[in-house]
Every structure is written in structure tokens, then in C-alpha cells.
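Hi everyone, thanks for coming. Let's put the model up on the screen and walk through it together.

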Amino acid sequence: MMRHGLAGVFVAGIVTACSQPLMLAKDDSPVVLNGQAIQAPNPGSPGPFQVRTLFYGSGSDQRRAEYRDSVKIKTTTVDGSAFVKMEPAQAKARKKRWGFDNKAFPVNGRVWYPDGEGPFPLVLVVHGNHDPYDYSDPGYKYLGELLASRGFILVSVDENFLNGLGNENDGRGWMLLEHFRAWKAFTDSASNPFHKKVDWQNLAVMGHSRGGEAVGHAVTFNRLERYPDDANVKLGYNFNIRAAVAIAPVDGQYRPAGRLHPFTDVNYLVIHGSHDGDVSNFHGLRLYERLRFADTARAFKSAVYVYRANHGQWNSVWRNQDNGKTSARRLALAGLMPEEDQRQFGRVMIGAFLEATLKGRSEYLPLFVDHRTGGQWLPRTMYLTRFQDNRFTALATFDDDVDVRTGVPGVVINGDSLSVWNENVIPFRSAAPPNSQGDLQNNSAVWLGWTNKVAGDDTTRRGVPARFTLTLSDSLRGALRLSETSAFEFSVAPTREIPGPRKAPVDSTKKDSATAKAKAKKPPSPPKDTLPPDFTIEVEDTEGNTARVALSAYGVPRRPLETRILRRGRFEKSSFRTTFEVVPQTYVVPMADLVRISSRFAPSRLRTIRFVFDRVDGGTVILDGIGVSNIDPAFLGARVR
């Protein structure tokens with residue numbers, strides 16, 4: 001495989017078979033995933049349709065027999081020279097090897113489709129950067145067979161001829177739109193087997209690795225009239241792309257107009273494995289953060305971090321070879337989940353996402369709020385998930401300024417008895433070149449640390465629990481229009497840091513207090529391991545009515561998910577700044593639950609939100625994305641109790 005995230009971190013020479021023990025977190029999934037709540041067919045199981053396949057393409061491909069001898073529909077080539085630049089010598093070499101250069105890219109695709117009348121939603125999937133001659137497009141057969149059986153048309157797009165190049169990801173995204181254009185011609189032709197078989201109101205793009213970044217470019221280019229880097233190049237596609245899926249994506253390989261691409265108004269799912277030996281950082285979190293919703297139609301975004309999943313096993317050709325032929329020597333392959341389990345996760349999550357976004361199957365929406373609602377469908381491993389819908393209103397994102405006491409306009413923030421309180425940009429796990437931004441998630445959050453133990457001879461004494469409080473102004477409260485059908489949302493990530501005990505209070509009435517303070521025993525060191533960071537969420541309305549719930553009632557607080565990617569410990573230590581990736585877990589607390597707990601509490605009069613650190617004596621968490629939503633009730637239709 002053509003490496004991305006870990007490229008260049010290995011020293012020259014042969015790595016011996018000796019390796020350090022793997023650092024794997026205790027797997028709590030047998031208990032966590034028993035909370036199945038969605039009463040619907042497994043979206044990862046075959047549906048009622050018989051599956052048919054065919055190829056379309058140039059019919060003259062000199063390297064790919066299926067796109068030469070087996071095509072049922074012939075397509076014309078497209079000029080991609082504006083998007084994929086080649087020096088003359090490179091273009092000449094490519095033409096000799098492939099039979100074409102960047103002026104005549106073939107529009108090749110392998111199709112899985114239902115045997116039925118239709119029309120059916122159309123989904124395009126594109127692979128990423130891999131050995132150009134170890135063809136990647138057959139590797140999504142497992143998704144093609146599943147989706148076609150469930151009433152979708154899936155096309156695995158051939159872009160192997162773009163592999164091995166640089167700065168070509170705009171071309172990858174543009175090629176997806178050219179495939180949609182070809183399909184429009186298919187469905188308009190009475191003699192074509194797909195005549196009137198596509199539901200043009202329900203389209204999706206999906207990509208893996210560099211292809212995962214490319215789907216964002218496709219969504220952006222689809223709405224533009226002109227190419228950002230050369231306004232002489234017309235775009236103007238305007239297809240109804242309603243959903244995008246990114247599988248272990250990179251980010252920033254191509255930057256339109258020199259910037260990370262904007263991303264708006266599309267349902268978005270991104271998945272990534274903790275043991276990814278190629279794209280070792282969860283770059284998809286940056287795309288997730290950049291996605292904004294402007295229109296009023298139902299839309300949402302979801303990010304899922306899969307413990308023990310790697311980069312390549314999402315594709316049956318790539319498998320566990322994240323570092324190509326040297327993978328067995330360099331990577332800790334024994335820590336990976338079984339290939340079939342990883343692909344089954346893909347079937348379930350991608351299947352549910354497309355059923356919900358392209359077919360309106362709202363019964364699957366709770367899976368993206370709380371993965372436990374579909375626990376019996378998922379492989380037995382641990383997951384961290386993020387969620388946000390288009391009705392979300394932020395109260396504090398920590399991205400706007402450097403004042404720790406302000407949220408959005410109308411929100412004042414206070415802390416009480418906190419040992420740690422600061423805002424910063426969340427780093428990625430792996431190290432990056434000095435002064436680069438490649439090691440940052442481009443998303444700020446607040447670090448909150450507390451200890452409720454008081455130093456002294458009796459260290460079991462506990463002080464007042466630490467608190468972090470948001471207070472809403474009258475004008476903001478009126479604009480939010482909250483009700484019992486609304487929800488409170490926020491995201492939390494644990495760390496391994498535990499502040500030491502608080503200093504004992506000094507009794508100023510005693511003359512020897514200063515001397516006693518000087519002779520006080522040194523506080524004991526904090527414990528070496530953390531507890532799951534459970535705490536209490538407390539809300540209060542303008543009349544002083546309160547309601548309290550535990551974080552653990554709405555998800556599973558976890559310790560950091562320790563990960564070992566490389567076989568040799570010294571390489572692991574030099575390549576990564578920490579032993580885990582910071583992936584905040586989103587919690588959604590329905591206001592209706594708070595009203596059930598305290599019938600006097602009125603969401604419409606919400607004044608104060610408190611995070612009360614009273615359930616674990618000490619810890620440090622990263623808190624982000626605090627807000628409220630007049631959420632579509634369908635997202636809360638199935639609940640884990």
C-alpha cells in the first residue's frame with residue numbers, strides 16, 4: 001500500500017521478529033453491546049433483491065481485461081488535465097504504461113445492482129492510493145452485494161490509473177462527478193439496461209483513504225459553477241448528492257484555493273480504525289468539524305472510531321497490508337480485529353446510514369446517536385462515536401476566542417474548584433514535522449481537571465465537588481425555543497491525567513498556621529491509572545428548579561483506548577506523542593428525561609447547565625461541542641436503558 005500517515009517514520013534495515021507485548025484496552029463490548037434497542041432488520045444482512053453485476057468502460061483498456069472485453073456499456077474518455085497535472089515525461093510514461101494520459105481518462109466502473117424495476121438510489125465508491133497494478137476497485141464487492149440486495153445500485157469506480165501520483169485528489173473527486181454524468185446518459189437512453197432505473201433524488205458518494213477525502217471535493221465541486229483553481233474550467237454538475245461516506249480518509253492532500261475545503265449540507269458518515277497503520281491519525285474528524293448545515297431539511301453527521309480496526313481491511317484487496325509487503329515486519333498485526341468482523345461493521349454502519357439518508361428509514365437513525373442501540377449487529381469491539389444534527393445550536397465550541405469565560409454570545413462560563421481549566425487545540429496522536437499543522441485536529445476544546453480529595457493526614461476527606469457552569473442570557477434563552485422534545489448535547493474525551501489532592505485549607509485564626517503549612521506533609525502522588533470519567537449533568541431553570549442525571553446513563557464512559565500500531569516499542573514511541581487518539585464521545589440527553597426526573601423543571605426556561613465532577617474523585621477530561629438541539633424525535637426513537 002502507498003503509505004500516508006506513517007510514511008517515513010521507520011529506520012532503514014530489517015526489523016527483527018522480536019516485538020513488545022501489545023497495549024490493548026480491556027474490551028467491555030460483551031456488556032456494552034447487549035443493549036440492542038432498534039427493532040428493525042439488521043442493515044448489514046442481505047435484503048430481498050437478487051443481485052446482478054456488469055462492467056462499463058472504454059472497451060479498449062490495455063491493462064484491465066474486464067474494462068476491455070467484459071463491458072456491457074461503452075463510455076467515452078474525459079479530459080482530466082485541468083485537475084491532474086503531469087509533467088511531459090510523466091505523461092509520456094503513463095501513456096506508454098496505461099495507453100492513455102491525463103487528457104483521456106477512462107470512465108470505468110463495476111456495478112452491483114438489484115434485479116428489479118426501480119428506480120433505485122445510486123451510490124459511487126472510490127478506492128484510495130494503493131499499488132496501481134494491484135487493482136483496488138474489486139475490494140468493495142462485499143458492500144456491492146449487500147447494497148444491491150437491499151435495493152441500491154453500487155458502482156466501484158476504477159481510478160487505479162491515478163494511484164502513485166501526487167496532488168491528484170481534486171481529480172479523484174471530479175471523476176466521481178463525471179461518473180454521475182455518464183449515468184445520466186445511461187438512464188436517459190431507452191436502449192440502456194439502466195434506463196429509468198436510477199432515483200436521481202437520492203445519490204451518495206463514498207470513498208476510502210484518499211478517496212475518503214475526494215468525496216468531500218466531489219460534494220463541493222458539485223455545487224460550484226467553476227473550478228476554484230482555474231475559473232476557466234466549468235463545473236456546474238448540480239446532482240442531488242444527499243449522503244457522503246468517508247472510510248479512513250486523509251485530509252488536505254488537495255486544498256482548493258489553498259484552503260482546506262468547505263463542506264456543507266450533506267449527510268456525512270466517517271469511520272476510522274484505531275490500529276490504522278497507514279493513515280495513523282483520525283483525519284476524518286477534521287472533515288467532520290468543517291461540515292456545516294445551512295438548510296432546514298433533516299441532515300446529520302456521524303463519526304465512528306473502531307477499536308482494533310486497521311486501514312486496509314475495509315477493502316478485501318488491501319486486507320492487513322497497511323505498509324505493503326513489509327507490513328508483517330513493521331506492524332502489530334496480532335492486535336487487529338478479524339477481517340470479516342471489520343467488513344461486517346462496514347456493512348452494518350454504511351448500510352444503516354444509506355437506508356436512513358437515501359430511503360428515509362428513520363428507524364436506523366438512533367444508531368448514529370448511540371451505537372449501543374444496534375449492539376447485537378456490531379462486531380464485539382469498542383467504539384467511540386460523534387454525532388450532530390442540523391438542528392444543533394452551539395453554546396460553547398471553544399474555537400472563537402481565547403477568553404475561557406465566554407461561549408457563544410449570551411453564554412457566560414464559570415469554574416469552581418477545578419485543578420485544570422484551559423482551552424487548546426486537540427492534537428492528533430502521531431507526531432508531525434515541527435511547525436506543521438498536520439498533528440492538530442483543527443478543533444479547540446476545554447481541558448477540565450479535578451480532584452475531590454483534600455491533602456493532609458486524612459486523604460479520604462473530600463471537598464466540594466468541582467463544577468463547570470454555563471449560564472444563558474434571557475435573550476439567548478428566548479431564541480433557542482427549547483421544549484421537552486429538545487436535547488442537550490456535548491462531547492467528552494478522557495485523558496490519563498489525574499491532579500493530586502487539593503491543599504488543605506489554612507486556618508487563619510491560628511498563629512502557627514503559616515508554620516504548620518510549611519511543615520505539612522507532601523501530598524501523595526496521584527494514582528497511575530484513571531477511572532472512567534463519570535460525572536453529573538445538572539440543569540437549572542429561571543425559577544430555580546433543577547434536574548440531575550449521570551453521564552453514564554447516556555453512554556459508556558471509558559478510559560483512553562490505548563493502541564499499539566507498530567511491532568517495535570522504540571519505533572512506536574518515536575512515531576507517536578501519546579498512546580491513544582483523542583476522540584470525544586458525544587452524549588445526547590433528551591430534555592424529556594430531565595422533566596421526568598424533575599417535573600417542575602421547564603426546558604423553555606433553561607438558565608444554567610453544570611458539569612458536576614462528583615462521581616469519580618479525580619481526573620481530567622476534554623470537553624467540546626456543548627449545545628442544544630430541537631432534535632428530530634426519530635433520532636431518539638430507540639433508547640438504551
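Trp421, Trp450, Phe468, Phe488, Phe490, Phe535, Tyr587, Phe611 and Phe613 form one aromatic cluster. Before you look for them, please keep in mind that this is a predicted model. Across the structure there are 39 aromatic pairs, and I'd like to show you two.

The first is tryptophan 183 with phenylalanine 194: the ring centres are 4.5 Å apart, the planes make an angle of 50°, and the pair is tilted. Where do tryptophan 183 and phenylalanine 194 lie? Tryptophan 183 is in helix α5, residues 169-188, while phenylalanine 194 is in the loop between α5 and β6, so the pair ties together parts that are 11 residues apart in sequence. Tryptophan 183 and phenylalanine 194 are both buried.

Now for phenylalanine 300 and phenylalanine 353. Here the ring centres are 5.7 Å apart and the planes stand at 75°; planes over 60 degrees apart count as edge-to-face, so that is what we call this pair. Phenylalanine 300 sits in strand β13, residues 300-306, and phenylalanine 353 in helix α9, residues 339-359, so parts that are 53 residues apart in sequence are tied together by this pair. Are these rings buried or exposed? Phenylalanine 300 has a relative accessible area of 2% and is buried. Phenylalanine 353 is buried too, at 0% relative accessibility.

Rings can also have a charge over them. Look at arginine 63: its charged end sits over the ring of tryptophan 98, 5.9 Å from the ring centre. Then there is arginine 64, which lies over the face of tyrosine 135, at 3.9 Å from the ring centre.

Let's move on to a sheet. In general, strands of a sheet pair through backbone hydrogen bonds, either parallel or antiparallel. In this one, 5 strands form an open sheet, in the order β16-β19-β24-β21-β22, and the pairing is antiparallel. Which strands stand at the edges? They are β16, residues 411-416, and β22, residues 546-550; each has a single partner strand, so one side of each is left without a neighbour in the sheet. From one strand to the next, the twist averages 15°.

If you'd like to follow one pairing in that sheet, take β21, residues 536-541: it runs antiparallel to β22, and 5 bridges join them. One you can find on screen links threonine 536 to its bridge partner in β22, alanine 550.

I'll finish with some backbone details. As background, most residues other than glycine have a negative phi, and most peptide bonds are trans. With that in mind, look at the bond that joins glycine 118 and proline 119: this is a cis peptide bond, with omega about 0°. You'll find proline 119 in the loop between β3 and β4.

Next, which value does phi take at serine 209? It is near 60°, a positive value in a residue other than glycine. Serine 209 is in the loop between β6 and α6, and at 0% relative accessibility it counts as buried.

Arginine 481 also has a positive phi, near 55°. Its place is in the loop between α11, residues 474-480, and β20, residues 487-494. With a relative accessible area of 69%, arginine 481 is exposed, whereas serine 209 is buried.

That's my tour, thanks for listening!

Note on methods:
Residues are numbered from 1 along each chain as its sequence is written. This is a predicted model: local features need pLDDT of at least 70, side-chain atom pairs count only at pLDDT 80 or more; totals for chains, interfaces and linings use all residues. Side-chain values use heavy atoms; hydrogens and water are left out. Two strands pair if DSSP finds at least two bridges between them. Helices (H or I, at least four residues) and strands (E, at least two) are DSSP runs, numbered from the N terminus. Axes are lines fitted to C-alpha atoms, for helices over the stretch in contact, and angles run from 0 to 180 degrees between N-to-C directions. Rings of Phe, Tyr and Trp (its six-membered ring) pair if their centres lie within 6.5 Å; planes under 30 degrees apart count as stacked, over 60 as edge-to-face and the rest as tilted. Buried means under 20% relative accessible area, exposed over 50%, partly exposed in between (1.4 Å probe, protein chains only). A charge sits over a ring if NZ of Lys or CZ of Arg is within 6 Å of the ring centre and within 35 degrees of the ring normal.
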